[in-house]
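Here's a short set of exercises to work through with the model open in your viewer. Try each task before you read its solution.

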Amino acid sequence: MASQHTYSTESKSNILPLRPVVKDYAWGIRGLDSRVARYALESGVIDEVDPDAPYAELWLGTHPSGPATIRDGTSLEHAVGGQLPFMFKVLSAGKALSIQAHPCKSLARELHRDNPSEYADDNHKPELAVALTPFEAMCGFRRLEEIAILIKKHPEFAACISNEAKLKVFLCSQEDEDKRAALRSLFQSFMSCPKETSSRHLKVLLKRLQKEQSCDFVHPHEEPPWERKCARAILRLAQQFPGDSGAMAPFLLNYLLIAPGESFFMAANEPHAYVAGEIIECMACSDNVVRAGLTPKFKDVDNLVGMLTYSMGGPTINAGTPAYGDDRIMRYTPPTKEFEVMVITCNPGEDITLPRLPVPAIFIVIEGSGNTDNEDGQRLVMRPGRSYYMPSNCPPLTIAVNSSKHGPLRIALAHENQHIDQPNLSTSTAGTKTWSGEFALPPAPSPSPKCARNGLDRLKENGNGNRELHIPPI
Ligand SMILES: [Zn+2]
């Protein structure tokens, strides 16, 4: 497909070694346990690793907040002949990142215009995560049915939400639009709960959950595993961010654990918070983050409440689709034109020739070692953490791994989306697991009655008009 961007047409067929930029955000994994630290050391960005310092992100792109350079000191932007449409990153998360969402293009323009110090650019930031280790994340809102159960079981959470918002949740019809409206009221109410109120209830909640975690505690009923997981997540987040009511986020957001090689895509205006583990991440070239909790940084609750889509259920989880007829090349293609990611696995004794790409690409060695060769005779030694810029129409690159090696060479490569008509991260296709929520829902009743009527019918069916049975006490 034709490229969306115009790149420099200067002849530059050579693959060039990169110097990425390291970000030391407080949530990063510390010392050599962090892949970001090891990769930064290998690529010559740092001379030594401080065992006590966090190493959070490695940036491979042209964004002005962290532009990568070619090893000889020239800027990547100059080599590309402009901005790359995407940012490629490695993330090492030791503790949770803030609860956040990224704006769509029109909102990004407004935010940047009105508050350029918080919103550095005017671009949207859809993002894709591919796990390098088991990776925990909160992604998208839970289904309303799950949230309703959690409100009933956790009076401290219920106490942070207005009666009106709770009524909307409990009396909601099966119509999508009504559910979204109920979820919006609920989220808005939770986010605008006064800090003193939420901290007081959070304290009580944590005390109770801690007690319930102890071996001596006799549960009055067998608690489903997903609820236990949710409680454990809250305790862990509260430990990381004492006093921050964002620790209750697992009541509202899907809590996922994905395995190495699995991925998900976060479209604009979807709430998420990455919790722990290491990933490669690719996104449109932007650094716009609207934060709502689990952070000492600026929280922009009004914009967050206003921007979200309030769609429910988690993202599609995908372990990649073979590309170019070779199942050693797995592609992760989101439904956005700026980027896609390939993970290439070359086993000992094998070689793989990558296709000639009509667009520039960035790649980084994730693990293993090997060599490359191309028709220009350019040979590179591949080691974990080394990263490269591959100009467009570069001669096809052959990667080879000596048969004496013990493990495969794995490379992650990002470029402008070449498979936009075949995304595998938005639709349900073979090899795709669609997050089905924490439990199966009963089939929707048909025909679907109106919102209030449905709620009243339910009350009547139960033979009890007392709403206190359905709405938790405040
Ligand atoms: Zn994000």
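A word on annotations before we start: UniProt positions are given in the numbering used here, feature names are shortened, and annotations may be inferred rather than shown by experiment. Also keep in mind that this is a predicted model.

**Exercise 1. Get your bearings**

Find out how many helices and strands the protein has, and what percentage of its residues count as buried.

Solution. Start with the secondary structure: you should get 11 helices and 26 strands. Next, take burial: of the 474 residues, 45% count as buried. Finally, look at the contacts between residues at least 6 apart in sequence: 78% of these join residues at least 24 apart.

**Exercise 2. The annotated position**

Locate the residue that UniProt marks as "active site", and decide whether that residue is buried or exposed.

Solution. Step one is the record: the unreviewed UniProt entry places the feature "active site" at Arg-291. Step two is the location: Arg-291 sits in strand S14, residues 290-293. Step three is the count. A residue is buried if 20 or more other C-beta atoms lie within 10 Å of its own. Arg-291 has 22 other C-beta atoms within 10 Å, so it is buried. Step four is the company it keeps: leaving aside neighbours within four places in sequence, Arg-291 is in contact with Ser-98, Ile-99 and Gln-100, and also with Lys-297, Phe-298, Lys-299 and Asp-300.

**Exercise 3. Two loop residues**

Work out which loops hold Ala-267 and Gly-44, then classify each by burial.

Solution. Take Ala-267 to begin with. Its loop lies between strand S12 (263-266) and strand S13 (272-284). Ala-267 has 20 other C-beta atoms within 10 Å, so it counts as buried. Its C-alpha atom is 8.9 Å from that of Ala-101, although 166 residues separate the two along the chain.

Now Gly-44. This residue follows H1 and has a positive phi, near 80°; its loop runs between H1 and S4. With 13 other C-beta atoms within 10 Å, Gly-44 is partly exposed. The C-alpha atoms of Gly-44 and Arg-71 are 8.8 Å apart, with the residues 27 apart along the chain.

**Exercise 4. What H1 packs against**

List the buried residues of helix H1 and the strands they pack against.

Solution. H1 covers residues 35-42, and its buried residues are Arg-35, Val-36, Ala-37, Tyr-39 and Ala-40. A general rule helps here: an α-helix has 3.6 residues a turn, so residues three or four places apart point the same way. For the partners, the buried residues of H1 pack against S2 (21-23), S4 (54-55), S5 (57-60), S7 (86-93) and S13.

**Exercise 5. Strand pairings**

Which strands does S10 pair with, and in what order do the strands of the S19-to-S22 sheet run?

Solution. S10 spans residues 135-141; six of its seven residues are buried, so the strand is largely enclosed by the rest of the structure. Five bridges join S10 to antiparallel S11 (residues 253-258), with Phe-141 opposite Leu-253. S10 also pairs antiparallel with S13 over four bridges, and there Cys-139 stands opposite His-272.

The other sheet is open, has four antiparallel strands and runs S19-S24-S21-S22. Its edges are S19 (351-353) and S22 (380-382), each pairing on one side only. The twist averages 25° from one strand to the next. Within this sheet, four bridges join S21 (residues 370-374) to S24 (residues 397-400), and Asn-374 stands opposite Leu-397.

How values were computed
Residues are numbered from 1 along each chain as its sequence is written. This is a predicted model: local features need pLDDT of at least 70, side-chain atom pairs count only at pLDDT 80 or more; totals for chains, interfaces and linings use all residues. A residue is buried if 20 or more other C-beta atoms lie within 10 Å of its own, exposed if 12 or fewer, and partly exposed in between; C-beta atoms are placed from the backbone. Two residues are in contact if their C-beta atoms, placed from the backbone, lie within 7 Å. Two strands pair if DSSP finds at least two bridges between them. Axes are lines fitted to C-alpha atoms, for helices over the stretch in contact, and angles run from 0 to 180 degrees between N-to-C directions.
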